[in-house]
Amino acid sequence: MQKEKLRVIRKQKGYTQQQVADFIATDVSNYSRKESGDVRIVRDEWDKIARFLDVPFEDIYEEEEPLVVINNDHPVFNDRSSSAGVITNQNNYDNIPGAIIENLQNYIALLKEENTRLKQELKGLPKGGK
């Protein structure tokens, strides 16, 4: 969900996405994804952005929509729901920077590609693996 309040106030104040990204110590493409709602903005980042824009937190904050990420048929929720069953103590993960999460997701994607390639390679081997 696009962070419309944040985008509007940032533009009203005359700041670029690059300036906000620099302040919260991320790259502009990651910040752009945060503002567009593709990447979650954690509480600490909301606080920093509000301080940078010199506005109350409430003026820019918009609730995150619960997302479901399907990975190997196991749903993982970011809505702090304990019923998800996959991550039971999700509060420990709130302070992980979005860039690290994005990097890990990219690494997982690479591993999946390698897995697929290796499976195809194994299919080409004669029975017994020799």
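**Salt bridges and a nonpolar surface patch**

Arginine 117 and glutamate 114 are three residues apart in helix α6, and therefore about one helical turn separates them. In this predicted model, the two residues form a salt bridge in which the closest N and O atoms are 2.7 Å apart. Arginine 117 has a relative accessible area of 41% and is therefore partly exposed; glutamate 114, at 34%, is likewise partly exposed. The pairing extends into a network of salt bridges that links Glu114, Arg117 and Glu121.

The search of the whole structure returned eight salt bridges. One of the pairs found joins the side chains of glutamate 4 and arginine 7, with an N to O distance of 2.3 Å. Both residues belong to helix α1 (residues 4-12), where they lie three residues apart, about one turn of the helix. Glutamate 4 is partly exposed at 33% relative accessible area, and arginine 7 is partly exposed at 22%.

A further salt bridge connects the side chains of aspartate 44 and lysine 48 (3.4 Å, N to O). These residues are four positions apart in helix α4 (residues 43-53), so about one helical turn lies between them. Relative accessible area is 39% for aspartate 44, which is partly exposed, and 25% for lysine 48, which is also partly exposed.

Helix α6 spans residues 98-123 and contains leucine 110. Tyr107, Leu110 and Leu111 form a nonpolar patch on the surface, with a combined accessible area of about 320 Å². Leucine 110 is classed as exposed because its relative accessibility is 52%, the cut-off for this class being over 50%.

Note on methods
Residues numbered from 1 in each chain as written. Predicted model: local features only at pLDDT ≥ 70, side-chain atom pairs only at ≥ 80, totals over all residues. Heavy atoms only, no water. Patch = residues over 30% accessible without salt bridge, like charges linked within 9 Å, V, L, I, M, F, W, Y side chains within 5 Å. Areas by Shrake-Rupley, 256 points an atom, 1.4 Å probe, with all protein chains shown as cover. Salt bridge = Lys/Arg side-chain N within 4 Å of Asp/Glu carboxyl O. Helix = DSSP H or I, 4+ residues; strand = E, 2+ residues; numbered from the N terminus. Buried < 20%, exposed > 50% of the residue type's maximum accessible area, 1.4 Å probe, protein only.
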